[in-house]
Each structure stands twice: as structure tokens, then as C-alpha cells.
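Visitor: I have a structure open and would like to learn how to read it. Could you walk me through a few features?

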Amino acid sequence: MKVKQISVFLENKSGRLAKVARVLGERGINIRALSIADTTDFGILRLIVSDPERALAALKAEGMTVSPTEVIAVRIPDRPGGLAGVLSLLEEAGINIEYMYAFVTKAADDAVVVFRVEDLDRAIAILAEKGVTLLAGEEVYRL
């Protein structure tokens, strides 16, 4: 149930983000979700892509600083309070959320949210036990 995310360290300069998108696009790798956190000097781009292994190799070949990270993708009812219910389960278990972001697309009638938590295996076990739908990596890469 773990999903491979790619983190890319980028200087905060014009054209850096475009280069990442161009490199992936030229190789037929689709970006499924993304998040960027930045400061004045640099940013960290987090990506879920259709082919994480090829994306890592392509970005490294272009001289970019990249690293894989495991995250979970959770299907959440797309209704008021849907996210709050999942967050409450993690809170009750004492699992800290380091960051999260949502998918650009929807899966059926649900939203898909990506979580990076401090105890991935425990979070997976708790959410699955409570009936929360977790998506496998291959399932996410095809969305």
C-alpha cells in the first residue's frame, strides 16, 4: 500500500520547474500529483508520477538532485467532513502527519490525498483496520 514519491530539490529560479516537466514529458512520464514547498532560495518539488523508476533515472541524468520517498495514498469520501474523519483516526493513534497534498484528479466519487507520516506501516495498519481505502502504488500511478 506504499506509493513511491519523488522529491526534487530545485533552486528558486525561473525555468527550473519547467525543466522538470519537460524532462518527464519528453519521456512520456505523466505527473499524477504534485506539491511544492519553497523558500527564497530553493524549493522541494514532490511528485507522484506514472513511472517513478524511469522518472528518477531521467531527472538524475539531467543533473537534478532527486530522492524517492514512500507515502500513502488514501481514498477519502468527497463530502464535508471526509478528510476530518481520516485525520481523526491518525490523531487518535498518535501518528504525526509530516505533510499532505491532494490529487488533481478524482477516483470514482472520492478524493485522493497523499500523506507522509512518521510511522508509515502503523498508519497503513490503522487506516486499513478502520476500513479506510488505501491505494497501491500501481493503482495510483495509473490514475
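**Reading helices, loops and salt bridges**

Guide: Gladly! Keep in mind that this is a predicted model. Let us begin with asparagine 96, which counts as partly exposed because its relative accessibility is 42%.

Visitor: Where does asparagine 96 lie?

Guide: Asparagine 96 sits in the loop that runs between helix 3 (82–92) and strand 5 (97–102). Leaving aside residues up to four places away in sequence, asparagine 96 touches Arg116, Val117 and Glu118. As for asparagine 30, it is 66 residues from asparagine 96 in sequence and 30 Å away in space, C-alpha to C-alpha.

Visitor: Now a helix, please. How do I read which way its residues point?

Guide: The general idea is that an α-helix has 3.6 residues a turn, so residues three or four places apart point the same way. Here, try helix 1 (residues 16–26), where Val20, Val23 and Leu24 are buried. These three lie on the same side of helix 1, because they cover an arc of only 95 degrees around the axis.

Visitor: What do the buried residues of helix 1 pack against?

Guide: Their partners are strand 1 (2–11), strand 2 (31–38), strand 3 (42–49) and helix 2 (52–61). Look also at what follows helix 1: glycine 28, with a positive phi near 70 degrees.

Visitor: And charged residues? How should I think about those?

Guide: Side chains of opposite charge can pair when their charged atoms come close. In this structure, a search of the whole model finds 10 salt bridges. One of them joins aspartate 121 to lysine 2, with the closest N and O atoms 2.8 Å apart. Aspartate 121 belongs to helix 4 (residues 120–129) and lysine 2 to strand 1, so this pair ties together parts that are 119 residues apart in sequence.

Visitor: Which residues are linked with Asp121 in a network of salt bridges?

Guide: Lys2 and Glu70 share that network with Asp121. Lysine 2 is partly exposed, at 32% relative accessibility.

Visitor: What other salt bridges could I look up?

Guide: Try lysine 13 and glutamate 11, whose closest N and O atoms are 3.4 Å apart. Lysine 13 counts as partly exposed at 49% relative accessibility, and glutamate 11 does too at 40%. Then there is glutamate 26 with arginine 27, where the closest N and O atoms are 4.0 Å apart.

Visitor: Is glutamate 26 buried or exposed?

Guide: Glutamate 26 is exposed, because its relative accessible area is 59%, over the 50% cut-off. Arginine 27, at 31%, is partly exposed.

Technical notes. Residues are numbered from 1 along each chain as its sequence is written. This is a predicted model: local features need pLDDT of at least 70, side-chain atom pairs count only at pLDDT 80 or more; totals for chains, interfaces and linings use all residues. Side-chain values use heavy atoms; hydrogens and water are left out. Buried means under 20% relative accessible area, exposed over 50%, partly exposed in between (1.4 Å probe, protein chains only). Helices (H or I, at least four residues) and strands (E, at least two) are DSSP runs, numbered from the N terminus. The arc is that of the directions from the helix axis to the C-beta atoms. Contact means heavy atoms within 4.5 Å. A salt bridge is a side-chain nitrogen of Lys or Arg within 4 Å of a carboxyl oxygen of Asp or Glu.
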